[in-house]
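Please consider the model shown below, beginning with its charged pairs and moving from there to its interior and its surface.

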Amino acid sequence: MVELESVPELVDPVLVAAFEGWNDAGEAASGVIAHLESSWEAVPIAELDPDDYYDFQVTRPIVEMTDGETRGITWPTTRVSWARLPSGKDVVLLHGIEPNMRWRSFCRELVGLMLELGIRNVVLLGALLADAPHTRPVPVTGAASEAGLVSTLHLEPARYEGPTGILGVLQDACAKADLDTVSLWAAVPHYVAQPPSPKATLALLRRVEDLLDVTVPLGELPEEARAWEHGVNELAEEDSEVAEYVRTLEEQKDATELPEASGDAIAREFERYLRRRDPGRGPA
């Protein structure tokens, strides 16, 4: 671990993390971290040594022009930043690339950093490809170490079994270290998998707001999400088979959507609206 900046003593900090790669369909999850880093003016504090965890023939470094004239190398790694919110809350943001090797050592190092910083609550963000229509609200599933938290957050419980990515391994490592952990997964329509996916990013961001009880400046993200959906609509209209497939997904989604669930969603959106008008307002 390389120290970039000195860190003050943090008060009840929360870690929010996402990894590019297998866990990040449409770059929706890493898009949340990038948005939070920018919105909260997060300060870099640490990064992992990339030599320990990355195969550079698989995940290659990037050559970039730093000032229009000087060429520099950006190495694939995991970086950590910190922000103190106006409310006084401390949030640690982790933006990584899924490592190519030594996953258990990687997670031990991250958990060690969390404990050193006094972090007891962890939010892991991911995104997966799914049979979800782009015209409907993005489904967000969740898993939590604390019983009942998934239902409290009005999440669809995650029931996936099978191969996992670094997010699943890190969640297991956090649980073994007795850290309270929530993982949130957005479903990105598989027929529009190319990044970015601003509608899925926005869906995850709103769940982060609910979980942390904060109001995040959304900037142009809502407009980008609307433009994304409009663009996919136009593409679907040009292909009758895609249009028919989307209608089938819509019918399946609408048939399984419970009226009370829709009512809960409306209530949550109204609460968010009130909080944005009055940032000091807490949950009812």
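In this predicted model, Arg84 and Asp90 form a salt bridge whose closest N and O atoms lie 2.7 Å apart. The two partners differ in their surroundings: Arg84 is partly exposed, with a relative accessible area of 43%, whereas Asp90 is buried, at 2%. The cut-off for buried is under 20% relative accessible area, so the value of 2% places Asp90 in that class.

This pair belongs to a wider set, for a search of the whole structure finds 8 salt bridges. Another of them joins Arg136 to Glu250, with 3.8 Å between the closest N and O atoms. Arg136 is located in the loop between S8 and S9, and Glu250 in helix H7 (residues 240-256), so the pair ties together parts that are 114 residues apart in sequence. With a relative accessibility of 22%, Arg136 counts as partly exposed, while Glu250, at 16%, counts as buried. Asp254 also takes part here, since a network of salt bridges links Arg136, Glu250 and Asp254.

A salt bridge within a single helix is found in H6, where the side chains of Glu223 and Arg226 meet at 3.0 Å, N to O. These two residues are 3 positions apart in helix H6 and are therefore separated by about one helical turn. The general geometry explains the arrangement: an α-helix has 3.6 residues a turn, so residues three or four places apart point the same way. Glu223 itself is partly exposed, with a relative accessible area of 47%.

Attention may now turn to the interior. In soluble globular proteins, nonpolar side chains tend to be buried together. The largest nonpolar core of this model contains 39 residues, and those with the most contacts inside it are Val16, Leu36, Trp40, Leu125 and Leu212. At least two residues of this core come from each of strand S2 (14-20), helix H1 (28-39), strand S7 (90-97), strand S8 (121-130), strand S11 (180-189), helix H5 (198-212) and helix H6 (221-237). Of these elements, H5 gives the most, with 7 residues. The surroundings of Val16 illustrate the packing: leaving aside residues up to four places away in sequence, Val16 touches Ile33, Leu36, Val91, Val92, Leu93, Leu94, Val123, Leu125 and Leu212. Apart from this core lies another, of 29 residues, among them Tyr53, Val111, Met114 and Ile166.

Ile166 leads to helix H4 (residues 166-176), in which Ile166, Leu167, Leu170, Gln171 and Cys174 are buried. These residues cover an arc of only 135 degrees around the axis and therefore lie on the same side of H4. The packing partners of the buried residues of H4 are S2, helix H2 (103-117), S8, strand S9 (140-144) and S11. Just after H4, Asp178 adopts a positive phi of about 60 degrees.

The surface offers a further nonpolar feature. Val63, Ile73 and Trp75 make a nonpolar patch of about 290 Å² there. Ile73 belongs to strand S5 (residues 71-74). How far is Ile73 exposed? The relative accessible area of Ile73 is 47%, which means that this residue is partly exposed. Residues enter such a patch with over 30% relative accessible area, so Ile73 at 47% meets that condition.

Conventions: Residues numbered from 1 in each chain as written. Predicted model: local features only at pLDDT ≥ 70, side-chain atom pairs only at ≥ 80, totals over all residues. Heavy atoms only, no water. Patch = residues over 30% accessible without salt bridge, like charges linked within 9 Å, V, L, I, M, F, W, Y side chains within 5 Å. Areas by Shrake-Rupley, 256 points an atom, 1.4 Å probe, with all protein chains shown as cover. Salt bridge = Lys/Arg side-chain N within 4 Å of Asp/Glu carboxyl O. Helix = DSSP H or I, 4+ residues; strand = E, 2+ residues; numbered from the N terminus. Buried < 20%, exposed > 50% of the residue type's maximum accessible area, 1.4 Å probe, protein only. Core = buried A, V, L, I, M, F, W, Y, C linked by side-chain atoms within 4.5 Å. Contact = heavy atoms within 4.5 Å. Arc of directions from axis to C-beta.
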